[in-house]
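Reader: I am a first-year student and should be grateful for a close look at a single part of this structure. Would you please take one helix and then set it beside its wider surroundings?

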Amino acid sequence: MDQHLLTIVLAAPLAGLLVLLFLPSKSKSLIRVWANIASLAGFAVSLPLVWKFHVGAPGFQFVERADWIPSLGAHYLVGIDGISLLLVMLTTLMGFVATLCSWSGVNDRLKEYYAMFLLLQTGMIGVFISLDFFLFYIFWELVLVPMYFIIGVWGGPRKLYAAIKFFLYTLAGSVLMLLGILTLYFQHYSQFGFYTFEISQLMKLQLPLGVQQWVFWAFFLGFAIKVPMFPFHTWLPDAHVEAPTAGSVILAAVLLKMGTYGFLRFSLPLLPQASMDQTIVRVLAALSIVGIVYGALVSLMQKDWKKLVAYSSVSHLGFCTLGIFSLNPNGIAGSVLQQINHGISTGMLFLVIGVIYERRHTREIAEYGGLAHVMPRFAKIFAFAMLSSAGLPLLNGFVGEFTILQGAFEANRIWAVFAVTGVILGAAYLLWLYQRTMLGQVTNPKNLGLPDLNFRECAVFAPLVVWAIWIGVYPKPYFDLLRQPVTEIVERVKPGYFAQAAAVGGTDDRFLSSVTARGRADARLDRLTIGPQVANLPHKTGTSVGTSAGVAGRSACSTLPCGGAR
Amino acid sequence: MNFLDQIWLIPLVPLGGAVLMLLLGRLLDPQPVSEVALAPGVGPQKHGHTGHGHHPHSPLKFLVSLICPGTVLVSFLLSAAAVLQLSSLPHKVHEVIQFTWISAMPFHMANGHMAVFHVDWGFLLDPLSGVMILVVTGVGFLIHVYSIGYMAHDNGYYRFFGYLNLFVFFMLMLVLANNYTLLFVGWEGVGLCSYLLIGFYFHKKSAADAGKKAFVVNRVGDAGFILGMLLMLSVLGTVRFTEVNALLRSGQFVTETAGFGVLSVMALAMFFGATGKSAQIPLYIWLPDAMEGPTPVSALIHAATMVTAGVYMVARSSALYELTPHTSMIVAVVGALTAILAASIALVQNDIKRVLAYSTVSQLGYMFLALGVGAYWVAVFHLFTHAFFKALLFLCSGSVIHAMGGEQDMRRMGGLKDKIPVTHWTMWVGSVAIAGIPGLAGFFSKDEILWQTFHSPKGSAALYVIGLATAAMTAFYMWRLMNMTFYGKSHVEPETARHIHESPWTMTVPLSVLAAGSVLVGWLGTPKLWTVFTDAFRGFPRWLEPVFELAEKGEAGNTAATEWSLMLLSVAVAAAGIALAYLFYTKRPSIPERIYERFRGLHKVLYNKWYVDEIYDFLFVNGMCKGGGRAMGAFDREVVDGGVNGAGWLTRFLALVSMWWDRWIVDGTVRFTGFFVRMLSYPATMIETGRVQAYALFVVAGVLAFLGYYVVR
């Protein structure tokens with residue numbers, strides 16, 4: 001059963017879709033109920049992944065493998081590590097949230113609408129679990145189709161423009177990515193004598209730097225457009241603005257993560273030398289920082305509520321890519337966490353817009369004002385989403401942002417100095433948006449008597465609120481989950497990064513926990529009273545070091561990973 | 001019971017109150033429907049203290065008044081018990097680590113060593129945080145009680161108390177945290193509560209604006225704080241106070257006397273954070289606007305507790321600032337300049353709360369001056385005394401405003417002394433205390449600051465003069481306030497005058513307690529000079545000694561004569577300030593008018609707060625942010641998206657050309673070929689008609705032609 005778990009998760013939405021096709025188009029409530037059941041079931045079957053996942057185990061888990069097109073070397077090969085587990089869970093949860101939030105917002109072509117979402121769901125899960133490039137590419141492209149229709153059919157006034165822009169833009173990127181994949185594919189043949197798309201095989205390639213760089217840029221275009229990184233971001237505001245609420249939610253929460261995930265899963269491990277290349281790193285970090293500041297500044301001046309949030313995504317995703325190209329453990333771990341955080345926070349912000357759009361059918365900020373008087377519950381939820389997005393400590397955003405900043409600071413202090421301005425501007429545009437829409441007097445008579453959130457709408461927000469608080473207050477499980485895969489990536493890109501630590505003993509988890517214990521095994525003793533003398537010794541414990549004090553302890557420490565400034 | 005291990009309860013109890021209020025408060029205190037229906041054109045609904053009893057009291061509302069102050073009282077009792085137990089510990093430090101908060105990954109420190117980015121959720125109780133929690137919960141409780149009376153008629157009673165409790169939670173997190181990152185949780189959290197409470201009357205644009213301004217300006221400072229923390233992680237590998245201090249005091253780091261080193265930058269970045277939270281130059285501008293919030297908020301957040309967070313943080317980092325004389329110098333100069341700048345603005349303001357707001361900025365400047373010259377305990381001492389008398393002054397001003405039905409302009413007050421006697425006498429005590437008259441709290445702490453500024457090796461005579469001038473101005477503006485409000489001729493409008501009444505006991509009792517505090521707490525830190533008093537009267541410095549671990553500096557020579565004369569000097573300027581204010585605003589109101597006529601320009605500059613807000617607006621808000629945002633937006637639309645659309649347009653143009661080419665050239669060739677062949681075959685088609693007669697005719701004609709040919713030949 002366990003080895004088929006991923007396949008079940010992948011197929012669950014398709015099964016729901018199959019049943020949906022046989023439901024009569026006339027009975028709308030039946031379709032609605034069934035679509036919600038199906039997406040909830042999709043989430044439910046993914047839950048066992050969480051508790052059956054073996055935290056800290058190297059490599060991929062729940063791996064399932066079958067030959068698919070042997071002559072091409074294409075396989076059905078799926079598996080997840082900590083990074084993909086988080087993204088899969090984000091996908092299944094957001095899939096349900098998106099379905100639930102469309103209950104009353106969408107009325108025409110219901111069956112097709114929900115069918116598209118279920119198809120999209122499978123595509124997204126597939127992207128995050130594929131370990132074979134052929135399979136990955138199919139899912140990657142599969143995602144485009146339902147999203148194209150969701151924007152193009154159920155979208156706003158300029159839906160056709162937005163849908164075509166979205167489709168062509170991302171397709172252009174992915175075609176270049178395909179060239180990169182094929183380069184690797186043929187290189188593998190010339191080096192090993194057989195064709196395969198299997199990623200673990202392709203990782204054995206020894207490529208000259210020049211080739212790696214070419215492939216890197218090809219991948220870069222595919223992923224950077226998806227993220228989207230500056231200056232490839234302009235499809236995003238249009239797509240977001242025109243997409244229906246659920247489409248925006250999925251687009252922001254999950255689809256964009258395909259790009260950052262691509263960098264983490266493919267660019268870095270497959271092309272380590274290119275990823276380390278100073279020019280490439282500098283360009284990517286510069287684009288990320290420009291994205292952070294630029295996205296924030298542009299959102300400051302938006303008049304359209306949804307466009308504002310869309311540009312804030314550019315800013316937040318800038319943090320994610322900056323973390324990745326810090327190429328150190330904290331940058332990457334923070335980046336993954338921030339991807340989840342962005343899914344939660346921006347997902348909530350788009351849901352907030354959806355709620356109000358359903359009532360008033362306009363996204364002009366100037367149309368609103370004083371809504372907090374009319375819809376107090378809504379105002380609270382929006383405030384929560386805003387604070388979570390602005391990175392208030394004890395909510396999710398802070399942990400991710402701060403970890404990324406730590407990583408960026410380690411890589412290059414100037415990066416962190418620039419990136420931190422995004423934190424300021426983030427508060428500015430969100431608070432201003434909140435003030436213009438929620439505070440003050442009700443100036444527009446159309447806003448009087450708007451109904452507050454109903455039970456279903458509260459239920460849509462509830463899981464995200466809980467998740468945001470969980471990550472904010474107790475992010476340890478997430479870091480535990482990410483430690484192993486991130487370590488593997490860093491080892492690949494920067495071999496010897498952990499060398500100092502590894503000399504101490506043990507591998508992976510054990511050495512990390514011994515490092516964790518640097519001078520703070522006391523962290524495990526839940527409570528203790530220390531006087532200044534005792535506290536004077538920062539390395540008084542250090543489990544692997546043994547209790548050492550004085551000069552001997554210090555000289556021992558200098559060769560050991562015990563961090564204190566020697 | 002071991003209260004030391006239960007310090008986690010101290011912040012948690014108010015958090016419980018806050019959660020309860022924000023989730024269920026509406027059930028206890030149902031909001032009137034009228035709040036909702038704000039039709040345009042109807043105009044602002046009467047909110048605030050003006051609208052007496054415009055919605056019926058809910059029978060359960062008293063529960064709100066019971067729960068919220070109650071949680072803070074419980075916190076206070078727990079704090080007191082814990083501090084009591086702390087005092088019996090030999091080292092007076094107690095650290096409790098509850099769980100791991102951020103357990104991120106290893107990283108390379110600046111020196112190439114490995115460290116782990118690891119942040120605990122832990123609490124540190126030492127004398128410094130002990131003082132802070134007692135102030136926060138003690139003064140906090142009194143202000144909660146006061147709010148019961150003050151906010152009784154406001155809409156959103158439960159909301160107010162929920163925010164207030166949330167604030168107490170975050171403030172306790174701030175002062176109890178055992179590391180900088182967890183301190184930052186409280187740091188941002190109190191900023192959030194400040195935002196929520198400043199914007200409590202959010203239907204007013206000015207209130208919403210002020211809240212936003214406070215939050216964003218604070219965020220600017222926070223950016224500095226974050227960078228300071230990152231630098232600390234990079235250099236020291238940890239953010240935990242005990243470890244940081246131990247490392248810094250271990251002797252591995254030398255005092256950076258030569259110039260700006262990495263530690264100086266770190267200290268400066270953190271101080272930049274403090275300038276945001278504690279309203280110092282260049283980020284003080286948010287605090288005066290913050291007076292849009294209800295007065296208890298001004299007293300609790302913007303006078304007694306939150307704004308002192310920066311002082312607390314710098315005092316907490318004393319080990320760092322001891323190593324960075326250049327940054328300390330900057331701290332002292334910024335503090336002194338802020339003190340005098342704010343005092344100069346306070347001289348001419350007419351809004352009673354704005355005077356107090358600038359006074360707070362100025363007093364905070366004193367604290368930073370003390371920190372900058374290395375007198376950490378004195379800064380904390382001034383923080384402590386200031387918490388009492390400034391909270392008192394704010395609450396009294398609230399009581400005045402309450403009595404005046406919402407009026408805040410001092411020009412429309414006067415002669416209130418006998419109408420609201422309790423308010424008057426308590427405010428009198430507060431004003432004497434802040435002016436620096438011996439015997440009351442403000443004297444002891446302020447005088448010690450001035451003395452240390454003069455005497456300490458880090459201080460200087462110039463800073464002392466600035467401090468002394470500020471002291472004179474302080475006495476003057478406070479007594480200007482007293483004279484304009486309570487004495488002299490009444491300028492109260494007759495309609496308002498009829499409603500003037502003393503506040504209910506829930507308000508006057510906290511006033512009296514704080515007034516008693518404003519008299520007494522100063523005696524915990526009497527000057528060494530006053531040898532008649534025993535050590536019991538110098539408990540405060542001795543209590544804080546273990547925190548700062550500063551070697552007792554030997555008294556260089558006999559400075560007693562200097563100290564006595566400086567003390568007399570500062571008392572003299574304070575008395576002069578008071579006398580001058582009495583002369584100007586009660587005895588001879590014509591004098592200030594003449595001065596005003598004479599120095600109209602200067603008055604205008606002071607009244608408009610040196611135009612700093614306008615300059616900032618021009619440079620940062622409109623210039624960098626809005627201008628930049630607009631420019632970037634245009635760039636995004638025209639250039640970046642223009643590129644994309646251009647690519648689309650080009651593609652379509654090429655497609656059009658191709659289509660034309662295809663139709664007329666490529667296909668044209670094909671069709672021309674066909675046409676050409678058809679043209680060629682045209683003659684042939686002429687004869688191919690399909691009519692048998694014609695063919696028969698051709699045959700006959702052919703035969704005849706052949707025959708003719710042979711016949712003719």
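Author: Helix 6 of chain B is bent by about 25°, and the bend falls at B:Val220. The model is a predicted one. Helix 6 covers residues 205-236 of chain B, which makes 32 residues. At 1.5 Å a residue, a span of 46 Å should result, and the C-alpha atoms at the two ends are 45 Å apart, so the expectation and the model agree. After helix 6 of chain B comes B:Gly237, with a positive phi near 80°.

As to the surroundings of this helix, 29 of its 32 residues are buried; helix 6 of chain B is therefore largely enclosed by the rest of the structure.

The wider setting includes the largest nonpolar core, which has 443 residues. Among the residues with the most contacts inside this core are A:Val249, B:Phe167 and B:Leu371. Helix 15 of chain B, residues 376-403, supplies the largest share of the core, namely 20 residues. Both domain 1 (1-276) and domain 2 (291-494) of chain A give residues to the core, so it lies between them. Leaving aside residues up to four places away in sequence, B:Phe167 touches B:Val190, B:Cys193, B:Leu197 and B:Ile301.

A contrast to the buried residues is offered by B:Arg663, which is found in helix 25 of chain B, residues 612-687. Because B:Arg663 has 11 C-beta neighbours inside 10 Å, and a residue with 12 or fewer is exposed, B:Arg663 counts as exposed. From B:Arg663 to B:Ile340 the separation is 323 residues in sequence and 83 Å in space, C-alpha to C-alpha.

Key
Residues are numbered from 1 along each chain as its sequence is written. Chains are lettered from A and ligands numbered from 1 in the order in which they are written. This is a predicted model: local features need pLDDT of at least 70, side-chain atom pairs count only at pLDDT 80 or more; totals for chains, interfaces and linings use all residues. Helices (H or I, at least four residues) and strands (E, at least two) are DSSP runs, numbered from the N terminus. The expected span of a helix is 1.5 Å times one less than its number of residues. The bend at a residue is the angle between axes fitted to the seven residues ending there and the seven starting there. A residue is buried if 20 or more other C-beta atoms lie within 10 Å of its own, exposed if 12 or fewer, and partly exposed in between; C-beta atoms are placed from the backbone. A nonpolar core is a set of buried Ala, Val, Leu, Ile, Met, Phe, Trp, Tyr and Cys residues joined through C-beta atoms within 7 Å. Domain bounds come from an automatic or database domain assignment. Two residues are in contact if their C-beta atoms, placed from the backbone, lie within 7 Å.
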